[in-house]
Amino acid sequence: MSKLDDIKQLYQRYVMPTYAPKLALVRGQGARVWDAEGKTYLDFIAGIAVLNVGHSHPRVVEAIREQAGRLTHVSNLYYTENQGRLARKLSEASLGGKCFFGNSGAEANEGLIKLARLWGHEQGRYEIVCMKNSFHGRTLATAAATGQLKVQKGFEPMPEGFRHAEFNDIASVRAQVNEKTVAVLLEAVQGEGGVLPADPEFMRSVRALCDEKNLLMLCDEVQCGMGRTGHWFGYQAYASAPDAFSVAKALGSGYPIGAIVASPKLSDVFQPGNHASTFGGTPLACAAALATMETIEEENLIERARTVGADFAKRLRKLAKGRDHVLDVRGRGFMLGIVLDRPAQETCARLADNGLLTLATAEKVVRLLPPLNVTDEELDQAIAILDRWL
Ligand SMILES: *Cc1c(COP(=O)(O)O)cnc(C)c1O
């Protein structure tokens with residue numbers, strides 16, 4: 001029996017069937033992965049926007065190794081320097097306030113929701129206006145915030161306090177605001193919703209509406225953050241900044257870590273005892289995140305995502321021209337979607353068979369999320385595979 005079959009059998013017997021994997025991957029380096037049969041692929045999923053510095057970046061590997069041998073975890077009953085240094089780095093790259101650390105995107109968003117509710121509590125305000133087709137996670141509250149019924153179906157009753165408006169439609173957002181509203185939550189580029197950037201005018205209007213009604217503007221940067229769109233955070237492509245945002249996915253290059261990053265206005269809303277997380281911001285997780293951020297800076301990966309990503313999108317658009325079944329190429333930086341007139345699943349399977357891993361989303365979109373340090377040669381190879389098999 002093959003190695004793949006062995007692993008499959010273990011899953012069939014012991015792992016809950018929430019996913020439907022096809023390949024077993026055993027090794028990764030940069031933008032490449034190898035399966036259990038020794039076949040190699042270009043990884044343009046990158047752990048779903050987690051590996052922005054690529055697989056097993058030597059600097060991240062060394063930081064994890066070194067820290068693991070010194071101090072892994074002590075709980076948040078004690079100061080650890082890495083957490084303070086990472087909070088400073090996130091703050092200086094964004095809103096200039098304080099951070100709270102957890103383990104995942106859903107946990108970061110859950111914290112963001114709690115932060116907004118605590119802030120509005122005295123005035124009895126707790127409702128959050130979220131966007132249709134958004135994605136915020138799989139815990140009960142973040143699933144309720146998510147604007148997709150398929151995420152909620154079967155798990156009712158959903159926690160209350162979430163309303164949904166049309167993305168990129170300020171009149172629709174305004175219509176959902178009432179005396180109980182405390183915040184508006186959105187992604188600068190909707191990821192699971194089909195790689196859909198917010199219109200500049202929409203972002204500006206959301207900020208203005210929040211200022212007018214004394215609401216918090218919250219961004220979910222879990223997928224579009226960490227340099228992915230050619231900015232540290234997706235909102236930075238716009239003139240308006242949120243009051244706080246969540247970050248996770250690429251923050252630790254695969255070592256689980258997420259965070260709430262707040263502006264000074266929200267930095268001291270949580271007080272001792274309000275919120276906590278056992279594994280939040282451990283020395284080990286923060287070492288991985290610090291090494292990730294230093295790598296992004298030193299290798300100029302934000303600039304690379306912006307310029308090389310735009311150039312790659314241009315090549316994709318050119319390639320799309322001769323193909324009637326390709327309706328659009330959209331996105332920002334290295335967060336790109338090829339919109340088809342048909343289900344994307346089959347196309348993604350064909351691309352994978354031919355050495356390029358991509359991800360179907362919103363049914364008809366082929367999503368491309370290469371590591372930001374993908375080489376020019378690897379991009380040429382991806383274009384060649386797409387040219388033949390898209
Ligand atoms: C992936 C994702 C989440 C959830 O993150 P987890 O780490 O899976 O909990 C939340 N928001 C967005 C935009 C995401 O892409």
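**Around the ligand and at His 57**

In this predicted model, the ligand is surrounded by Ser 104, Gly 105, Ala 106, Asn 109, Phe 135, His 136, Gly 137, Glu 187, Asp 220, Val 222, Gln 223 and Lys 249.

Student: What makes the pair between Asp 220 and the ligand a polar contact?

Tutor: A side-chain N or O atom of Asp 220 sits 2.7 Å from a ligand nitrogen. The cut-off is 3.5 Å between N or O atoms, so the pair counts.

Student: What about the backbone of Phe 135?

Tutor: One of its N or O atoms is 3.2 Å from a nitrogen atom of the ligand. That is within 3.5 Å, so this is a polar contact too.

Student: Where does Lys 249 come in?

Tutor: Its side chain places a polar atom 2.6 Å from an oxygen atom of the ligand. Of the 380 Å² of accessible area that the ligand has on its own, the protein covers 80%.

Student: Which helix gives the most to the shell around the ligand?

Tutor: Helix α5, residues 105-120, with three residues. By class, the shell holds six polar, three charged and three nonpolar residues.

Student: Why is Gly 105 counted as polar?

Tutor: Gly is among the residues that the class scheme puts with the polar ones.

Student: Now His 57. Where is it found?

Tutor: In the loop between α2 (46-49) and α3 (58-68).

Student: Why is His 57 called buried?

Tutor: Its relative accessible area is 12%. Buried means under 20%, so His 57 qualifies.

Student: Which residues does His 57 touch?

Tutor: Leaving out residues up to four places away in sequence, they are Thr 295, Glu 299 and Asn 373.

Terms used. Residues numbered from 1 in each chain as written. Predicted model: local features only at pLDDT ≥ 70, side-chain atom pairs only at ≥ 80, totals over all residues. Heavy atoms only, no water. Near = heavy atom within 4 Å. Polar contact = N/O pair within 3.5 Å; in protein donor to acceptor, adjacent residues only side chain to side chain. Areas by Shrake-Rupley, 256 points an atom, 1.4 Å probe, with all protein chains shown as cover. Helix = DSSP H or I, 4+ residues; strand = E, 2+ residues; numbered from the N terminus. Buried < 20%, exposed > 50% of the residue type's maximum accessible area, 1.4 Å probe, protein only. Contact = heavy atoms within 4.5 Å.
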